[in-house]
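Subject: Structure to look through

Dear colleague,

I am passing on a structure for you to read alongside this email, and I would ask you to keep it open while you go through the notes below. Please follow each paragraph on the model itself.

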Amino acid sequence: MKKDVIVAGVGGQGVLSACRLIADAGLRQGLAVKTVETRGMAQRGGPVCAHVRLSDSVVHSAVIPVGKVDLILAIEPVEGLRYLHALRHKGHLLANVEPFDVLGESLDRDQVMDDLRLAPHCTLLSASSIAREAGSPRSTNVVMLGAAATQLPMDICHFEEALRARFKAKGDAVTASALAAFHAGFGVCGGDEPPIP
Amino acid sequence: MSNLLLLGNEAVAQGALDAGISGAYAYPGTPSTEIMEHVQRSPESVPRSIHSRWSANEKTALEAALGMSYAGKRALACMKHVGLNVAADIFMNAAVTGTNGGLVVAVADDPSMHSSQNEQDSRIFSAFAQTLTLEPCDVQEAYDMTIAAFALSEALEIPVVLRLTTLLSHSRSVIVRQPEREANQASLPEDATHFMLIPLYARKNWKRLIEKQETFREQSEMSAFNTLLDGPDHSVGIIATGVAYSYARDCLPGTPPAHPILKIGQYPIPEKAIRELAASCETLLVLEDGAPMVEERVKGVLPADRPVVKGRLDGTLPRCGELTPDAIACALGQPTEPMIRPQTLPVRMPRLCKGCPHVESLGFVQEAMATFPDGRVFSDIGCYALGLLPPIELEGTCVNMGSSITMAKGFRDAGLGPSVAVIGDSTFAHSGMTALLDAVFEQTSITVVILDNGTVAMTGWQSSPVAGKIDRICEGLGVDRGQIRTLVPLACNHDSNVVQLREALAYEGVSVIIAQRECVHGEGAKR
């Protein structure tokens, strides 16, 4: 079993955080995990992207070759397009349809949506709205993580444990709202929603 | 230790901690910054009194690290590739003095220039200094090699370079730790003349460095980091270094791989191992990030005609930019997958953050300069260099740390003006103060705008050593008290700021404007 994931978005959206949560859940599942993060000038609102490779055998390179990506998790729609070329012929694109701060870009939103649908399998969701409705407007990335959980080989409890570990220092309320955001994303993408413990 | 996911950089730091360092010295710079930050965050740093404050620049960092080595203790110096240029003087000479306590110089190169000015390769710099280099292929090896580097440094009395690249620095995986070593007790060098580079002793020490080279070559031949993984098909033999080795293993999975792969992780290159591989192969394919350093040296140790050596020099692989698994698969003649191409793909330019004080500062500079078509703005390394891009698009330069002030001086010396330098507070601390001294010494008519946001913002809000002292430093360097203006870059002050800058531009001599407002992320942790 191998699962190669690209997480894409814009600096400040929590791309690297989502990447680490997937990696942590993978480790809790007992998988071999390697990730690589692009940073550079990410703090300045530039594109941020992370590769996560999960496998039940050895992972050599942290970088996913073009044509081998199983899942693109796009926290921002245009950033999802940026890695479409790397998707496997049966690959899946999970994208938030709400663009991030498109000031200065003459963005043809309809064209972006059409392009996202070029993916062999495509799930589009309004993750930013879902995060707001879940009472956690900054958790778009966690909503997307919940959506991704429907496509990844790890048990839900491992994602929940990863989230609890990640938000432990921020207190019970923050942890609860992160778990709510996660389950909102999971539910929207057809995951059976277990009760939040 | 389960589930300890470390970045490549963090693995280097953990390796150094487990190797028993007494101090880490660094100036922040992508992609190297997280090495020092991990040392600072580590719970063992405080009880073990491990030095982990940021240095003013890479030169002062490496000098302090050599001083700690002289005292018999182990020290780690970390920097990005262009930082090694700043530290070049001490680096070249530390090879000549050699070390007492172990000294490791972790240098992170940035092929593809994700956040750098060039793609220079620190392996070449290390070879120039005649030191020994280790280059890890993954995060575990980054950890293991750091520990090995300290052992080699102490055994061979030489600073050891640990060469990283952006991709490895920012890769993350679980590491298996080794038993921790005790830190060294202080002990002064047995022969103190090693550290006296006056000609009488320098000649002796230089000869000693030359004589060590044979030992370094022997060490490379027996190094556990230089290994041959044989494969059945010898039509092509592969030589791979760093992350390129992990790509090669990805392209040629299975044990054994289809082709033999010689992994090089310790330099100087293992010439014997290369000759042995070459003897059975028709073609050698060299995979390395950065310069075609191994490729050139491989050609140097083989006969001219056989085998054919392919790599970045003959165009088999791209000459610039990071290597990718895709480029390597292509070089191996493997089929490529059909790609989905979207119709639209907007470019997302990096921009200054909302509310950033630099936006206002660059705004008043631009307006004051608008009436001078021959005037130029010399910018520097920092977030504000984004002012050269849309939407601001200042007419000017961005070259290297501190060059804004001295280039502005040279421009003025050439008879052009007005000449304005724009430099951040930490860049000023790093390399701007001596530049300002040059201008003061000659009373060159330049205006230096120091953007004081109180932190090293671009690399993640590290502490700035000149915070709260810039006006006094400028005065101390000899700038006339009346020509040091401190103002607040806010939209409501725009017009008065333009007026103040115009007054400064009109002054014959050195004028300084300190534009003082905290980074909008200033509440973020300052370390």
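Helix α14 (residues 357-369) of chain B lies across β14 (376-378), β16 (419-424), β17 and β21 of chain B, and its direction makes about 165° with that of β17(B). Please bear in mind that this is a predicted model. The strands that α14(B) crosses can be found in an open sheet of 6 strands in chain B, ordered β15-β14-β16-β17-β21-β20, in which the pairing is parallel. At the edges of this sheet stand β15 (396-397) and β20 (484-487) of chain B, and because each has a single partner strand, one side of each is left without a neighbour in the sheet. Within the sheet, strand β17 (residues 446-452) of chain B runs parallel to strand β21 (residues 510-516) of chain B, and 7 bridges join the two; if you want a place to start looking, B:Val449 stands opposite B:Ile513 in β21(B).

Two peptide bonds in this part of chain B deserve a careful look. As a general rule, most residues other than glycine have a negative phi, and most peptide bonds are trans. The bond from B:Pro390 to B:Pro391, however, is cis, with omega near 5°, and B:Pro391 lies in the loop between β14 and β15 of chain B. A cis peptide bond also joins B:Gly417 and B:Pro418, where omega is about -5°, and B:Pro418 belongs to the loop between α15 (403-413) and β16 of chain B.

There are also residues to check for their phi values. B:Ser49, which is not a glycine, has a positive phi near 50° and lies in the loop between α2 and α3 of chain B. B:Trp461 is likewise not a glycine and has a positive phi of about 65°, and its place is the loop between β18 (455-456) and β19 (462-463) of chain B. Is each of them buried or exposed? B:Ser49 counts as exposed, because it has 10 C-beta neighbours inside 10 Å, whereas B:Trp461 is buried, with 21 other C-beta atoms within 10 Å.

Another open sheet in chain B has 6 strands in the order β2-β3-β4-β6-β5-β11, and its pairing is mixed. Its edge strands are β2 (23-26) and β11 (266-267) of chain B, each of which pairs on one side only. Strand β5 (residues 132-134) of chain B pairs with β11(B) in the antiparallel sense over 2 bridges, and B:Thr133 has B:Tyr267 as its bridge partner in β11(B). Helix α2 (residues 34-41) of chain B packs on this sheet, where it touches β2, β3 (75-80) and β4 (103-109) of chain B, and its direction makes about 145° with that of β2(B).

Now turn to strand β9 (residues 236-241) of chain B, in which 6 of the 6 residues are buried, so that the strand is largely enclosed by the rest of the structure. Both of its faces are covered, with B:Val236, B:Ile238 and B:Ala240 buried on one side and B:Gly237, B:Ile239 and B:Thr241 buried on the other. β9(B) runs parallel to strand β12 (residues 283-287) of chain B, to which 5 bridges join it, and B:Val236 stands opposite B:Thr283 there. β9(B) also pairs in the parallel sense with strand β10 (residues 261-264) of chain B over 4 bridges, with B:Ala240 opposite B:Lys263. Together with helix α10 (residues 243-251) of chain B, β9(B) and β10(B) make a right-handed β-α-β unit.

Helix α3 (residues 58-70) and helix α5 (residues 88-97) of chain B offer a helix pair to examine, since their axes come within 8 Å and cross at roughly 25°, and the two are therefore roughly parallel to each other. On the side of α3(B) the contact is made by B:Lys59, B:Leu62, B:Glu63 and B:Leu66, and on the side of α5(B) by B:Asp89, B:Ile90, B:Phe91 and B:Ala94. By class, this contact has 5 nonpolar, no polar and 3 charged residues.

Lastly, please look at how the two chains meet: 40 residues of chain A are in contact with 37 residues of chain B. The largest share of chain A's side, 6 residues, comes from β2(A), and by class that side has 19 nonpolar, 12 polar and 9 charged residues. β2(A) also pairs across the chains with strand β7 (residues 171-174) of chain B, in the antiparallel sense and over 3 bridges, and A:Thr35 stands opposite B:Arg172.

With best wishes

Terms used
Residues numbered from 1 in each chain as written. Chains lettered and ligands numbered in written order. Predicted model: local features only at pLDDT ≥ 70, side-chain atom pairs only at ≥ 80, totals over all residues. Axes fitted to C-alpha atoms, helices over the stretch in contact; angles between N-to-C directions. Parallel < 35°, antiparallel > 145°, perpendicular 65-115°, else oblique. Contact = placed C-beta atoms within 7 Å. Nonpolar A, V, L, I, M, F, W, Y, C, P; charged D, E, K, R; others polar. Buried ≥ 20, exposed ≤ 12 C-beta atoms within 10 Å, placed from the backbone. Pairing = 2+ DSSP bridges. Right-handed = clockwise from strand over helix to strand, strands pointing away.
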